[in-house]
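Could you walk me through this structure stop by stop, telling me what to select next and what I will find there? I am in my first year and have the viewer open.

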Amino acid sequence: MKIDKKIKYYIPLYILFVFVSLSYTTNDIENTKKPDVSYFTNSKITDGPYFFIDEDNSVTVKWIKRSRPFETKIKNNNHRKIQRKIGFTFDSTFLDFADKQSIDYKQEFTGVDKFIALSDIHGQFDLFAKILLKYEIIDEDFNWNFGKSHLIINGDIFDRGDKVTETFWLIYRLEKQAKEAGGKVHFLLGNHELMILNKDFRYVNEKYLLTSKLLELTYDQLFSENTVAGKWLRKQPVVFSINDVLFTHAGISPEFVNLGITAEEANRKFLNCNYSLVKDSLQMFLEGTYGPLWYRGYFTDSTFTEQKLDEILHYFNKDHIVVGHTTMPNILYLHSGKLLCIDSGIKTKQYGEVLIYENGEFFRGTPYGHIIKL
Ligand code: ZN
């Protein structure tokens with residue numbers, strides 16, 4: 001009985017992946033109703049699903065199949081309808097349509113024996129999944145296989161690459177599966193998530209511009225407050241800690257500390273944020289060059305010293321800080337190991353590493369499974 005229930009729960013995304021991956025090679029059906037997509041003539045795209053929660057609490061699902069837009073409305077939890085329409089098993093336990101949980105603004109986690117962190121995936125789903133499989137974080141069916149350990153996605157899954165949607169839903173599902181297993185998935189907002197929410201589409205892959213055009217929505221509207229994906233993004237912090245390690249997408253600047261901002265205050269500005277409102281000065285600072293989503297001073301400011309880093313860590317009462325955002329050839333362990341830089345270039349599609357923490361020690365892991373002590 002229990003096994004049946006589990007299998008039912010695992011099926012939806014697996015079938016979605018098959019569905020999506022098949023669609024990449026499908027170019028066979030001539031469609032007379034093909035919309036004007038003259039700038040994307042060589043291949044037909046498949047993308048989605050995008051779930052919209054309507055005012056009457058029904059759900060509209062939209063997706064693209066072979067460059068054609070589809071949508072269907074689910075009323076009275078009519079999951080069979082969407083199953084038929086999209087071709088994958090739909091189970092209400094998979095999606096959160098309501099905001100049930102109270103929000104944790106502090107985001108402090110302790111007593112964690114093992115975690116693995118990676119950053120700046122930028123739509124490179126294939127390499128991302130390959131790395132997760134290599135480190136047995138997922139099994140071959142993309143299910144959580146990491147027990148009570150924690151997985152950290154240090155921001156920037158959006159933009160550049162063409163498998164952002166797949167990356168998003170995999171992380172979304174792993175978060176739920178990890179929780180059931182007593183583990184946890186952490187996701188940090190990166191500047192590229194922020195850019196989408198702020199309607200800055202400079203780095204959006206052409207495929208998603210086409211999705212938007214076909215659905216007659218702007219790309220940010222696919223992640224608005226009334227969507228499942230948008231609600232989820234608005235639950236993700238910009239700073240959190242595990243044991244003595246602080247995590248943020250780009251870095252905590254000395255200016256952040258000088259302003260006396262706490263992690264809790266920073267997270268409060270982004271959790272449940274209404275991005276269309278006029279921003280106050282704290283929000284402007286947090287979203288700016290010296291804020292935790294954009295700061296590059298650790299690498300570009302020649303006056304930045306280990307002493308300055310000590311002051312930042314002392315302010316948070318932590319011993320290490322993990323950042324992504326600035327791409328390095330591999331994971332770096334700087335300033336006596338207090339600064340760990342984990343954007344190792346997954347966005348290039350060629351190579352990328354993970355940061356492994358086990359019983360207080362740090363290691364870097366290559367995509368081939370080689371583990372190197374830091
Ligand atoms: Zn970034």
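Start by selecting β14 and β15, which run antiparallel and are joined by 3 bridges. Keep in mind throughout that this is a predicted model. Within this pair, look for R364, which stands opposite I372 in β15. Now follow the chain through the hairpin of β14 and β15: it has 5 residues between the strands. Stop at G369 on the way, where phi is positive, near 95°.

Next, add the strand on the other side of β14. Strand β13 (residues 354-358) pairs with strand β14 (residues 361-365) in the antiparallel sense, over 5 bridges. Two places are good to label here: I356 has F363 in β14 as its bridge partner, and L355 stands opposite R364 in β14. The hairpin of β13 and β14 has 2 residues between the strands. Click on N359 there, and you will find a positive phi near 45°.

Before moving on, colour β14 by accessibility. Is this strand mostly covered or mostly open? β14 is mostly covered, with 4 of its 5 residues buried.

Now zoom out to show the whole sheet. Its 6 strands come in the order β7-β6-β5-β13-β14-β15, and they form an open sheet with mixed pairing. Which strands stand at the edges? They are β7 (184-187) and β15 (371-373); each has a single partner strand, so one side of each is left without a neighbour in the sheet. Look along the sheet and you can follow its twist, which averages 25° from one strand to the next. As a reminder for your notes, strands of a sheet pair through backbone hydrogen bonds, either parallel or antiparallel.

Keep the sheet on screen and bring in two helices. α3 packs on the sheet, where it touches β5 (114-118), β6 (150-153) and β13. The direction of α3 makes about 160° with that of β5. α4 also packs on the sheet. This helix touches β6 and β7, and its direction makes about 140° with that of β7.

Hide the strands for a moment and compare the two helices with each other. The axes of helix α3 (residues 125-134) and helix α4 (residues 164-181) come within 9 Å and cross at roughly 30°. Because angles under 35 degrees count as roughly parallel, α3 is roughly parallel to α4. The crossing of α3 past α4 is left-handed. To see where they meet, show the side chains of F125, F128 and L132 in α3 together with E166, T167, L170, I171 and L174 in α4. Sort the residues of this contact by type and you get 6 nonpolar, 1 polar and 1 charged.

For the next stop, select the other sheet, an open one of 3 strands in the order β1-β2-β3, with antiparallel pairing. The edge strands are β1 (47-53) and β3 (68-74), each pairing on one side only. The twist in this sheet averages 20° from one strand to the next. Strand β2 (residues 59-65) pairs with β3 in the antiparallel sense over 7 bridges. Label K65 and its bridge partner in β3, R68. Then show helix α6 (residues 206-215), which packs on this sheet and touches β1, β2 and β3. The direction of α6 makes about 50° with that of β1.

Two single residues finish the tour. Go to H192, which you will find in helix α5 (residues 191-197). Is H192 buried or exposed? Its relative accessibility is 3%, so H192 counts as buried. Leaving aside its neighbours within four places in sequence, H192 is in contact with H122, D156, F158, D159, R160 and Y203, so display those around it.

Last, select E255 in helix α8 (residues 254-258). E255 is partly exposed, with a relative accessible area of 30%. Which residues does E255 contact beyond its neighbours within four places in sequence? They are F285 and Y290. Draw a line between the C-alpha atoms of E255 and Y290: these atoms are separated by 6.7 Å, while the residues are 35 apart along the chain.

Notes:
Residues are numbered from 1 along each chain as its sequence is written. This is a predicted model: local features need pLDDT of at least 70, side-chain atom pairs count only at pLDDT 80 or more; totals for chains, interfaces and linings use all residues. Side-chain values use heavy atoms; hydrogens and water are left out. Buried means under 20% relative accessible area, exposed over 50%, partly exposed in between (1.4 Å probe, protein chains only). Contact means heavy atoms within 4.5 Å. Axes are lines fitted to C-alpha atoms, for helices over the stretch in contact, and angles run from 0 to 180 degrees between N-to-C directions. Angles under 35 degrees count as roughly parallel, over 145 as roughly antiparallel, 65 to 115 as roughly perpendicular and the rest as oblique. A crossing is left-handed if the near helix is turned anticlockwise from the far one by less than a right angle, and right-handed if clockwise. Ala, Val, Leu, Ile, Met, Phe, Trp, Tyr, Cys and Pro count as nonpolar, Asp, Glu, Lys and Arg as charged, and the others, Gly among them, as polar. Two strands pair if DSSP finds at least two bridges between them.
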